[in-house]
Each structure stands twice: as structure tokens, then as C-alpha cells.
Amino acid sequence: MARSRSGTRGRRGPRKPPRGDGSGVPGSSVGTIDPRERGAVDLPATITVKELAELFGVNPADVIRELIKSGIFATINQLIDRDTAALVAGELGYEVAEAQAATAADGTDDGTEAPPSDATKEALFTEDDAADLVTRAPIVTVMGHVDHGKTSLLDAIRSTTVAAGERGGITQHIGASEVVKDGRRVVFLDTPGHEAFTAMRARGAKVTDIAIVVVAADDGVMPQTLEAISHAKAAKVPIVIALNKMDKPDANPDRVKTELTDAGVVVEEYGGETPLVPVSAKSRLGLDDLVDMVLLVADLQDLKANPKRAAIGTIVEARMDKSRGAIATALVQTGTLHVGDVIVVGETFGRVRALENDKGKRITKAGPATAAVVLGLSEVPEAGDILRAVADEKEARAIVESRRAQLAARGGEGSGRATLEDLYRQIQAGQAKELRIILKADVSGSLGAITHALDQLATDEVKLNVLHEGAGEITDNDIMLAAASNAIVVGFSTRITDTARRAAEAEKVDVRMYDIIYQLTDDIEKALGGLLEPELIEVVEGRAEVRQIIRIGKSTVIGGSYVTDGRMVRGGARIWRSGKVIATDRIDSLKRFRDDVREVAQGFECGIGLAGFHDLQEGDVIECFTTQSVSRSLTS
């Protein structure tokens with residue numbers, strides 16, 4: 001999207017009406033409107049050049065001319081944002097009304113702004129009128145270690161045979177399903193572990209109210225159990241422990257409870273706040289108790305939504321079907337989605353042709369906390385994209401075009417993930433509160449020493465929060481948790497997988513690798529103290545061969561030289577003779593013929609004068625270098 005430039009140009013006095021035939025817009029009967037006769041004009045969040053011209057009754061060429069003056073080359077049908085439109089209006093002499101928070105009849109904003117920030121995303125789900133709120137069903141994510149029975153447990157709860165039909169008994173896709181207990185609904189998201197849960201959260205989608213962490217009673221707390229707990233805690237989601245496989249002879253619940261305590265999860269029986277429910281997917285032991293516990297935790301959260309407003313939800317999964325087109329599984333979180341509604345999802349839009357519930361049956365609408373398959377989108381959206389119902393296709397198209405333009409404009413700006421350098425700047429500005437870390441080491445013994453050392457570094461102003469720690473290599477799960485939590489990843493005497501490295505580059509996650517503990521703690525300490533300085537690096541700019549010695553007076557020596565490589569500039573210099581550096585100095589003068597120059601490129605001759613070294617000989621090579629300040633680079 002075109003962006004406005006700062007300044008006060010819009011404060012000028014009224015301009016004369018634009019020159020022309022007086023007809024304003026070609027083909028229009030509306031004449032040019034004198035700005036002095038026109039009051040303050042309300043501008044929408046986005047508007048095309050043509051619509052802006054029609055609004056003021058001027059020729060579109062006048063609008064385009066003012067845009068070009070601001071360095072914006074727009075076509076007649078191109079969308080521009082409100083700030084840019086206001087700048088043009090000021091140049092044409094028109095007054096623009098103060099920006100109002102555009103609100104649709106349903107209480108949502110008009111959606112024509114940029115993709116919402118985290119704060120805006122929270123506001124999207126905030127209801128305005130308490131009288132319209134009704135209690136909604138809780139949305140539950142099931143997580144845990146592989147083969148601890150996540151899908152089998154959910155299968156037993158909903159009395160289906162999903163697990164038996166999946167290859168190897170392992171969940172291959174994200175599923176959403178509903179169960180009803182004593183007239184109350186519970187929506188379950190069955191994920192292939194916690195990866196999808198965190199990937200959606202990394203995109204700003206907060207879809208889960210409660211996390212059920214499944215732990216096998218005969219196996220205990222495993223690495224993926226710890227990861228699932230870390231991800232749930234990072235998302236600030238209440239945890240319910242489902243102690244599965246209690247029917248096995250070697251089940252040892254006491255050992256599991258102790259291991260959970262060591263992992264920072266203290267169950268209610270041990271004086272903590274985390275509910276633990278013994279269950280068995282095979283014998284159906286404790287399933288009702290588990291659902292009752294979920295409903296109890298939901299009651300404590302007092303989950304409510306407004307079914308009367310336009311629908312807002314999150315895409316759980318999406319795919320392209322050859323016969324039916326783009327198919328998306330959406331979780332409606334507030335409002336009601338109807339067949340025929342126009343929806344915007346990420347960078348695509350469409351009209352809802354059909355809705356299906358979790359059992360594959362056609363439905364006409366989907367209310368709050370309802371999972372539904374949506375047909376009618378023009379393209380396949382991404383998991384985690386926010387779905388919103390809007391007034392019509394014109395508004396939907398404008399929102400999508402605006403988002404695409406803004407994404408293109410921000411293409412080189414980075415993702416804004418946390419780095420140690422960012423923390424340094426935030427501390428200097430008094431903004432930083434917490435440094436979040438994902439810590440991986442080669443062996444568990446190293447973790448204790450590192451966490452103990454890091455604990456000593458925390459200050460009153462900035463806290464250290466180790467979201468997750470574990471032994472082993474850095475995986476893409478660690479990267480996704482860091483992306484979702486705005487954390488940095490610290491590795492000690494370990495490696496990062498290729499997929500994790502690619503994920504870190506894509507998500508702009510800061511990964512730091514160390515082999516010496518004190519180097520690790522020094523970097524963290526410097527960041528916390530605001531002392532992490534940019535790294536000074538030496539850059540070799542070019543080399544020149546001395547081919548003639550020119551003496552001026554008694555002390556001045558000029559090397560008549562030929563630039564063989566790169567470029568010669570004023571800066572540091574090394575003098576090479578017979579393959580060895582014989583002196584280090586700096587270039588004091590650089591001339592082309594009689595003229596002082598700033599640089600001389602490869603293939604040209606020049607005269608080089610050094611500040612202190614006057615023993616140049618023909619055949620010497622002068623290598624010039626500069627020192628540059630750069631941000632600390634990641635090591636690997």
C-alpha cells in the first residue's frame with residue numbers, strides 16, 4: 001500500500017480549484033467543488049484514486065499528480081491508505097475530519113486496516129454489549145508424548161474409531177470434533193502433538209482455552225511431555241493432566257506425579273493447582289471424570305461469546321480438493337457464520353457456499369465455539385489465519401488488496417522477533433521486562449549448571465524466563481515455540497537440525513550457539529545490562545600495486561599505483577612486500593592526476609600517500625581496509 005510522508009503540508013491554506021474544463025471528473029455532471037465551500041471530509045481507511053477524485057469532485061489526474069509529488073506512482077484504480085489520501089486532500093486544499101475508529105453494525109471494526117496486531121487481535125474477540133453475551137463451549141487441545149494415547153483417549157471420549165483408521169495409530173492431520181456431556185458441549189482439537197498448536201499461536205491465533213496433557217502411567221514424563229507443558233505454559237493456557245493407561249499392571253501414578261512436580265507442574269494432590277485425572281482409553285476408566293474436570297475448569301474461566309455479531313474465527317487446517325475447491329476447517333470463536341456470508345481469511349476471500357459439521361453433515365450456520373468445514377474460498381488459507389465475515393465482496397476485496405499491498409511494502413522489514421540486540425535497545429528505552437529463552441544442551445547435566453548461572457543474572461528490571469529446556473539437538477519444535485513466544489533459542493554444545501535452521505531463518509528467530517558456559521552467560525549478562533555492543537569487523541576494500549615512486553620535498557612519498565582489485569579509499573592500509581606485511585598505516589591522500597578523489601576503482605591508476613610510512617618501493621602492494629560496526633551475528 002502507498003504510505004504517506006510525515007510533514008505539515010496538509011495545513012496549508014485553501015488552494016484554488018484545479019485547472020481544467022470545470023467538469024471535474026470526466027463524464028460526471030458534478031463540477032469541481034471549491035474547498036472553501038466544503039466542510040471537513042470523512043475518509044475511509046482505504047480508497048482508490050478514482051473514488052478519492054470523485055469524493056472531491058476533481059480530475060483523477062490531479063490526485064495522481066499530487067501522489068507523484070510525494071514519490072508515490074499510483075494508477076487510477078490503485079488503493080491508497082487514509083494517511084496518503086489525507087495528504088493529497090491537504091495539497092488540494094480540502095480539510096479532512098479526524099480519524100474515527102470505524103465500527104460495523106455488528107461491533108467489529110471495518111477490517112480495512114492492516115492485518116491486526118496482537119493487541120488488535122485481542123480486541124477482535126472483545127464483546128461490546130454484556131447483554132448479548134452467552135456462555136460458550138470450551139475449546140480443548142490434546143497434547144502429549146508420542147504413543148501415550150492422545151488420539152485413542154479422544155477416540156474413546158467421542159466413541160468413534162478415528163485411531164484405528166489412521167496409519168500406524170499416529171495422528172496424521174489436525175482434527176476438530178465435539179462431544180456433549182449433560183447437555184454441555186466441549187470442542188476438542190486433536191493435533192499431531194503440539195507443533196500445530198504452537199504454529200497457530202505463532203501466527204497470532206489463540207484458539208485454545210484448556211490443554212489436556214496426556215501422560216502414560218507406565219511410561220512417565222517424557223521429552224515431548226515436557227515440551228507440551230512448556231508450550232501450554234507459554235500460551236498461558238490452563239493444564240489438565242490425563243494420566244492414561246491406568247489399567248496396565250506396571251502403571252506407577254506416584255512416580256509420574258513426582259516427575260511432573262520436577263517439571264514444574266504440581267498436581268492438586270500435592271498441593272498444587274493442576275488437576276490430574278486417572279483414565280484409561282482402553283477400559284474407558286475415568287472418561288466422564290475427565291470431561292467433567294474440563295467443564296469445571298471452563299466454568300472457572302467464565303467463557304462467553306456473542307452469537308449475534310458477525311463471525312470471527314480461526315482456520316485450523318486447510319487443503320485443496322480437486323472436486324470441491326479450497327476447503328478450510330474453521331473454528332468459530334465468536335459470532336455466527338452463515339451460508340452465504342462473505343468472509344475474509346488472511347489474504348483470500350470468498351462467499352460461504354456450504355458448511356459441514358465435524359460429522360460431515362451439512363449445516364446452515366455455525367455459532368460460537370463451533371468447528372465447521374467451510375467451502376467457497378478462492379484460495380487455500382494458512383492454518384492460524386483469522387476468519388472474519390464482512391458486509392459484501394467489495395469490502396472483502398478491498399481488505400485483501402490492502403493486506404497484500406502492506407505485506408509487499410513490509411517485505412524487507414523483518415518479523416520483529418526478539419534478539420539480544422533488541423533487548424539491549426528495549427532496556428535503553430525502558431521497555432524491556434523479560435527475556436524469554438529456549439535452552440537446549442548436549443546432556444541434561446549441562447542444563448543444571450547453565451540454568452543456575454542464568455538465575456544469578458536476573459535483575460529487578462529484567463527477568464529471565466526459561467520457557468523450555470531439554471537435552472538434545474535444536475529442532476523445529478523449539479523454533480516454533482520461540483516464534484510463538486518471542487523468545488531466543490540458546491544451544492550449548494549441541495547442534496541445530498537443518499529443518500530447524502530453515503525454520504529459524506523463515507521465522508527470524510535468534511539462535512545462539514555456545515561451547516563455553518561463560519561466553520553464554522556473558523552475552524546474556526551484557527544484554528541484560530544494556531552493554532551488548534555492535535561487533536567491529538574489518539572489510540578489505542581493495543589492493544593496488546606500486547609501480548612508481550614519486551618524492552615531493554624531503555619527506556613526502558607518493559606511490560604511483562595501479563588498482564588491481566576492488567577499490568582504493570581513504571582508511572587503513574597494509575603494505576605487503578614479498579608476500580609479507582611489513583607495515584600497517586593509513587591512506588592519507590588519494591589522487592587521480594592532480595585531483596583529490598574519494599575512491600579509485602579497479603583498473604585505474606592513482607597516487608597514494610601514506611600518513612607515516614615513507615619507505616615504499618616499486619612492487620609493493622598496498623591493501624586498504626575499513627572498519628565497520630555491525631550487529632552481533634549468530635554463530636552456529
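**Helix packing, strand pairing and an aromatic pair**

Helix 5, residues 150-158, packs against helix 9, residues 287-301, at an angle of about 90°, and their axes lie 10 Å apart. Because angles of 65 to 115 degrees count as roughly perpendicular, the two helices are described as roughly perpendicular to each other. In this contact, Leu-153, Ala-156 and Ile-157 of helix 5 meet Leu-287, Leu-290 and Val-291 of helix 9. The contact residues comprise six nonpolar, no polar and no charged. The model under discussion is predicted.

The description now turns to the strands. Strand 11 (residues 312-321) and strand 12 (residues 325-334) run antiparallel and are joined by nine bridges. Three residues lie between these strands, which form a hairpin. Within this pairing, Ile-315 stands opposite Ala-330 of strand 12. Strand 11 is also joined to strand 19 (residues 386-390) by three bridges, and these two strands likewise run antiparallel. Here Thr-314 stands opposite Ile-386 of strand 19.

Aromatic contacts form the last topic. A search of the whole structure yields one aromatic pair. The ring centres of Phe-56 and Tyr-94 are 4.4 Å apart and the ring planes meet at 25°; the pair is therefore stacked, since planes under 30 degrees apart count as such. The pair links distant parts of the chain, 38 residues apart: Phe-56 belongs to helix 1 (residues 49-56), whereas Tyr-94 lies in the loop between helix 3 (82-91) and helix 4 (118-124). Phe-56 has a relative accessibility of 0% and so counts as buried. Tyr-94 is buried as well, with a relative accessible area of 4%.

Technical notes
Residues numbered from 1 in each chain as written. Predicted model: local features only at pLDDT ≥ 70, side-chain atom pairs only at ≥ 80, totals over all residues. Heavy atoms only, no water. Axes fitted to C-alpha atoms, helices over the stretch in contact; angles between N-to-C directions. Helix = DSSP H or I, 4+ residues; strand = E, 2+ residues; numbered from the N terminus. Parallel < 35°, antiparallel > 145°, perpendicular 65-115°, else oblique. Contact = heavy atoms within 4.5 Å. Nonpolar A, V, L, I, M, F, W, Y, C, P; charged D, E, K, R; others polar. Pairing = 2+ DSSP bridges. Phe/Tyr/Trp six-rings, centres within 6.5 Å; stacked < 30°, edge-to-face > 60°. Buried < 20%, exposed > 50% of the residue type's maximum accessible area, 1.4 Å probe, protein only.
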